[in-house]
Amino acid sequence: MKRNKKIVVLCHCILNCNSKVEGSSDYEGAMYFNKKLIDNGFGIIQLPCPELMMYGINRWGHSKEQFDNIIYREKCRELLLGYIYQIKMYIDNAYEVKAVIAIDGSPSCGYNRTCSSKLWYGELSGCKNLDEKIENIKLINGTGVFIEELVELLDEYKIDIPILGIDELRLEESINEVYKNLF
């Protein structure tokens, strides 16, 4: 069988929603978005989930500000480096890596939007301003920490591939926009 040499790179939770913070996914396992990729002959590279790797499955939701520290950023780079090598190897061997697909809203993997709060920290038990902290959590235009590190590594290795975001708040429209860029 002949290879078509088309590849897409997906953030982890697009293929495995079980990695997401509890309560933040409406899928049983994988986002239906993937079926069209498979049906159209795309090879898929699944990036790791840095939040799952560092904080486990029973973690609370975080904001970008909580992840914006040197330790988390270095762990992201460490997790990404082998994938950068794979992507470069594919490109150097005439494969077409069509895009990286991010998950907008994520403090790690958002590309167009990320979760932000300058007040989301501290001890929750006995917190006198918990309602204020919760109300301060917003989705803002911006990129998550993991994707920021990915962008830097792509630049360092002179890899030019687009990054597209799936926005679960406007899922159908967002998926159609991604498909238009891939097909």
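Helices (H or I, at least four residues) and strands (E, at least two) are DSSP runs, numbered from the N terminus. Keep that in mind as you click around.

Before you start, note that this is a predicted model, where local features need pLDDT of at least 70, side-chain atom pairs count only at pLDDT 80 or more, and totals for chains, interfaces and linings use all residues. Residues are numbered from 1 along each chain as its sequence is written, and side-chain values use heavy atoms, with hydrogens and water left out.

**The whole chain**

Show the cartoon first. You have eight helices and six strands to look at, and from the N terminus they come in the order β-α-α-β-α-α-α-β-β-α-β-α-β-α. Along the principal axes, the C-alpha atoms fill a box of roughly 65 × 35 × 25 Å. The radius of gyration is taken over C-alpha atoms, and the globule rule is 2.2 Å times the number of residues to the power 0.38. The chain has 17 Å, which agrees with the value near 16 Å for a compact globule of 183 residues.

Now turn on the surface. Accessible areas come from the Shrake-Rupley method with a 1.4 Å probe, and for residues only the protein chains shown count as cover. The chain exposes about 10,200 Å², and carbon and sulfur atoms supply 52% of that. Of the 183 residues, 45% are buried (buried means under 20% relative accessible area, exposed over 50%, partly exposed in between; 1.4 Å probe, protein chains only).

**Stop 1: N34**

Select N34, which sits in helix α2 (residues 33–39). Its relative accessibility is 3%, so N34 is buried. What does N34 touch, leaving aside its neighbours within four places in sequence? Show L10, I14 and L15: they are its contacts (heavy atoms within 4.5 Å).

**Stop 2: W60**

Move on to W60, in the loop between α3 (50–55) and α4 (64–67). Is W60 buried or exposed? With 66% relative accessibility, W60 counts as exposed. Try a distance label from W60 to E78: these residues are 18 apart along the chain, and their C-alpha atoms are separated by 23 Å.

**Stop 3: Y111**

Next comes Y111, in the loop between β3 (96–104) and β4 (113–116). Y111 is partly exposed, at 29% relative accessibility. Not counting residues up to four places away in sequence, Y111 touches A102, D104, G142, T143, I147 and I163. Label E148 as well: 37 residues separate Y111 and E148 along the chain, and their C-alpha atoms are 8.2 Å apart.

**Stop 4: the aromatic rings**

Rings of Phe, Tyr and Trp (its six-membered ring) pair if their centres lie within 6.5 Å; planes under 30 degrees apart count as stacked, over 60 as edge-to-face and the rest as tilted. That rule gives eight aromatic pairs. In one of them, the rings of Y179 and F183 have centres 5.7 Å apart and planes at 50°, so this pair is tilted. Y179 is buried at 10% relative accessible area, while F183 is partly exposed at 41%. Add F33 and F42 to your selection, and you have one aromatic cluster made of F33, F42, Y179 and F183.

**Stop 5: two positive phi angles**

Finish with K5, in the segment before β1 (6–10). K5 is not a glycine, yet it has a positive phi of about 60°; K5 is partly exposed, at 32% relative accessible area. Then jump to A94, in the loop between α5 (70–92) and β3. A94 is not a glycine either, and its phi is positive at about 70°. A94 counts as exposed, with 60% relative accessibility.
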